[in-house]
Amino acid sequence: MWHIEACCNYIISLLSYPVESCSGWVNLVRCIRKLVRFFDSIKGSLMKSFYVTALSLALGMFASVSAEGDLATVVENCNGCHGDDGVSQWSDVPTIAGVPEYVHADALYFFRDEERPCSESEYKQGDTSRPATTMCAAVADLSDEMLDELAAYYFELPFVAAQQEFDAGLAAAGKAVHDESCDKCHSEGGSNPDDEAGILAGQWMGYLEATFAEYASGAREQDKKMKEKMDALSDADTTALIHYYASQQ
Ligand code: HEC
Ligand code: HEC
């Protein structure tokens, strides 16, 4: 397994592509995805302009070709919906502060490729006259480098559990379901960023409800082993789980 990763990193380094995030088991898949994306992007650019691509590749400046503004400007746009420092005050918008870096980056890639459902959303703060938009549109024009930077930036900020109402009885039932079916990958009640499986504990109920529905309908892809566990849940289990995650404040 390690040779595949070493080989993958070697090819990427030949292509003068950033390799710093390609190490360890978790990142092997991600590394391969990067390669695939890299070749896809070359294919797209080839059609537009072979020479610009070749020249910028040769100079190792592939990233600087895009004009996307700096991190602070992009972050301001994100926080218009996700809240100051990525801590949401709105049940339908997830808190993104403290979300594990690779999970966050992957989510952004999926949105950019329109491989994950993105609902239309109003801006919640700042200039609220900006027209409603979607997650897919918010990242549509951002480079891989910017998506990685955003994921790293938000990971450094503290996750703050949402203050929301929950039913204590349902939460207790949900804990039992979680411990049985989910804790293996979402340890410490779904609060451990080292799992690289998102943060469930203290996330907003509205977002969790929408997410469970997307998994159930197949609109959002999920880990095969997780799907087995999710498919086995009753509606009552799902409701109980959501109250359990909401109860961790
Ligand atoms: C117009 C509002 C809006 C803007 C702007 C916006 N988001 Fe979102 N974001 C949402 C909503 C709503 C969701 C919930 C999923 C959905 O409906 O698309 C979401 C979901 C996410 C998720 C998934 C969270 C998870 O745990 O899987 C991430 C990550 C994210 N946004 C990051 C960002 C970043 C980074 C930016 C800035 C580039 C951004 N968002 C800009 C509204 C927005
Ligand atoms: C085999 C490991 C595994 C198991 C078991 C598992 N999950 Fe997951 N889960 C993951 C991974 C990995 C991710 C992040 C995937 C991604 O980025 O889309 C995830 C993501 C999620 C998310 C989305 C988080 C977000 O921020 O959008 C929810 C909700 C979730 N899991 C709930 C559950 C529940 C409930 C169970 C138990 C019934 C469960 N998972 C069991 C691995 C697992």
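The following exercises, each with a worked solution, concern two ligand shells and two helix pairs.

The model is predicted: local features need pLDDT of at least 70, side-chain atom pairs count only at pLDDT 80 or more, and totals for chains, interfaces and linings use all residues. Residues are numbered from 1 along each chain as its sequence is written, while chains are lettered from A and ligands numbered from 1 in the order in which they are written.

**Exercise 1.** Determine which residues surround ligand 1 and which elements supply them.

*Solution.* A residue belongs to the shell if its C-beta atom, placed from the backbone, lies within 6 Å of the ligand. There are 25 such residues around ligand 1, and Cys 78, Cys 81, Cys 118, Ser 119 and Ala 138 come nearest. Two or more residues each are given by α4, α5 and α6 (135–139); helices are DSSP runs (H or I, at least four residues), numbered from the N terminus. The largest share, 6 residues, comes from α4. Finally, the shell divides into 16 nonpolar, 8 polar and 1 charged residues (Ala, Val, Leu, Ile, Met, Phe, Trp, Tyr, Cys and Pro count as nonpolar, Asp, Glu, Lys and Arg as charged, and the others, Gly among them, as polar).

**Exercise 2.** Describe the shell around ligand 2 by element, class and domain.

*Solution.* Ligand 2 is surrounded by 20 residues, the closest being Cys 182, Cys 185, Gly 198, Lys 225 and Met 226. Elements giving two or more residues are α5 (101–112), α10 (205–217) and α11 (224–231). Of these, α11 gives the most, with 4 residues. By class, the shell has 11 nonpolar, 4 polar and 5 charged residues. At least three residues come from each of domain 2 (71–83 + 98–156) and domain 3 (168–247), with bounds from an automatic or database domain assignment.

**Exercise 3.** Characterise the packing of α4 against α7.

*Solution.* The axes of α4 (residues 71–82) and α7 (residues 144–156) come within 11 Å and cross at roughly 65 degrees. Axes are lines fitted to C-alpha atoms over the stretch in contact, and angles run from 0 to 180 degrees between N-to-C directions. The two helices α4 and α7 are therefore roughly perpendicular (65 to 115 degrees). Leu 71, Val 74 and Val 75 of α4 meet Met 146, Glu 149, Leu 150 and Tyr 153 of α7, contact requiring C-beta atoms, placed from the backbone, within 7 Å. This contact has 6 nonpolar, no polar and 1 charged residues.

**Exercise 4.** State the angle and axis distance for α10 and α12.

*Solution.* Helices α10 and α12 (residues 235–247) pack at about 145 degrees, with their axes 10 Å apart. Met 205, Leu 208, Glu 209 and Phe 212 of α10 contact Thr 238, Ile 242, Tyr 245 and Ala 246 of α12.

How values were computed. Two residues are in contact if their C-beta atoms, placed from the backbone, lie within 7 Å. Angles under 35 degrees count as roughly parallel, over 145 as roughly antiparallel, 65 to 115 as roughly perpendicular and the rest as oblique.
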